[in-house]
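Ready for some practice in reading a protein structure? Take a look at the sequence and the model, then work through the exercises below at your own pace.

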Amino acid sequence: MTTAQLLIDELRARHQTIAFCESLTAGLVSATLADVPGASDVLVGGLVTYSPELKTALADVPEELIEREGVVSAAVAREMARGARRVCGSDWAVALTGVAGPDAQDGVPPRTVWIGLAGPKWTASSQAAELLEPSVGQYALMPGAAVPVRVLSGQRNEVRRLAVEAALVGALKCVREQN
C-alpha cells in the first residue's frame, strides 16, 4: 500500500481533511494524493505558491519573514502550512518549499527541502531528508555555516519526487500521532 493510500485511510478514519501549499513541487503532492481512489473524501485542495509573492498573497506568509529567513526555511514552511490550513479550511495542511536544483538559491544548497505541517493543535517543520530513510539523503554545507545540513540526493526531478514522499510520510506520521 502506498503512503498516499495510508494517509487517505488514516484521515478518513478520523473524519479529517488535508490541503497542501506547494512551491518546488508545483502541485505534485496534491496530484499524487488525488491519484488514489477515495482522495476526494479527504483532499480539500491546495495552493501552488512558486513565487515569494504568491506565498504572501495566497498563504498569508508575512513578507518580513521571507526577507528575514529566506523563502527556503523552516519558518516559511510552517507559515505556508498554517496559511493553507486556514485558507482551505482543512484539519491538516502540508507545505513544501525548497531548492530542487541544479543551482543554489539565495545561498541555500540545491536539494534542500523543508516540509511544514499544520494540524488541529500545532504547527511544525522538518527537513525532507530527515523524514525519509538515510540512503536518500546526503550532507551539504551552506556558505558561512559551521554545521552541514541534510539534503536530498539526486537530480531535480528525483528531488521533487522525494519531496512528495517526505511530505506524505510526514503528514501520515503526524496524523497517526495526534491525540
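## Exercise 1: one residue and its surroundings

Leu117 has its place in strand 4. This model is predicted, so local features need pLDDT of at least 70 and side-chain atom pairs count only at pLDDT 80 or more, while totals for chains, interfaces and linings use all residues. Residues are numbered from 1 along each chain as its sequence is written, and side-chain values use heavy atoms, with hydrogens and water left out. Strands (E, at least two residues) and helices (H or I, at least four) are DSSP runs, numbered from the N terminus.

Task: Is Leu117 buried or exposed, and which residues is Leu117 in contact with?

Solution.
- Step 1: Start from the cut-offs: buried means under 20% relative accessible area, exposed over 50%, and partly exposed in between (1.4 Å probe, protein chains only).
- Step 2: Leu117 has a relative accessible area of 4%, so it is buried.
- Step 3: For contact, look for heavy atoms within 4.5 Å.
- Step 4: Leaving aside neighbours within four places in sequence, Leu117 is in contact with Ala81, Ala93, Val94, Trp122, Thr123, Ala124, Gly170, Ala171 and Cys174.

## Exercise 2: the sheet

Task: In what order do the 5 strands stand in the sheet, and which strands are at the edges?

Solution.
- Step 1: Two strands pair if DSSP finds at least two bridges between them.
- Step 2: Strand 1 and strand 3 are parallel partners over 5 bridges, and Phe20 has Val94 of strand 3 as its bridge partner.
- Step 3: Strand 3 and strand 4 run antiparallel, joined by 6 bridges; here Leu96 is opposite Ile115 of strand 4.
- Step 4: Strand 4 and strand 5 are antiparallel too, over 5 bridges.
- Step 5: The open sheet has the order 2-1-3-4-5, with mixed pairing.
- Step 6: Strand 2 (43–48) and strand 5 (123–127) are the edges; each has a single partner strand, so one side of each lacks a neighbour in the sheet.

## Exercise 3: a strand with two faces

Task: How many residues of strand 3 are buried, and which residues lie on each side?

Solution.
- Step 1: Remember that side chains alternate between the two faces of the sheet in a regular strand.
- Step 2: On one side of strand 3 are Trp92, Val94, Leu96 and Gly98; on the other are Ala93, Ala95 and Thr97.
- Step 3: The buried residues are 7 of the 7, so strand 3 is largely enclosed by the rest of the structure.

## Exercise 4: the core

Task: Which residues have the most contacts inside the largest nonpolar core, and which helix gives the largest share of this core?

Solution.
- Step 1: A nonpolar core is a set of buried Ala, Val, Leu, Ile, Met, Phe, Trp, Tyr and Cys residues joined through side-chain atoms within 4.5 Å.
- Step 2: The largest one has 36 residues, and Leu7, Ile18, Val94, Ile115 and Leu152 have the most contacts inside it.
- Step 3: Helix 7 provides the largest share of this core, 11 residues.
- Step 4: Take Leu7 as an example: not counting residues up to four places away in sequence, Leu7 touches Ile18, Leu33, Leu168, Ala171, Leu172 and Val175.
- Step 5: There is also a second, separate core of 21 residues, which includes Val61, Val71, Ala93 and Val108.
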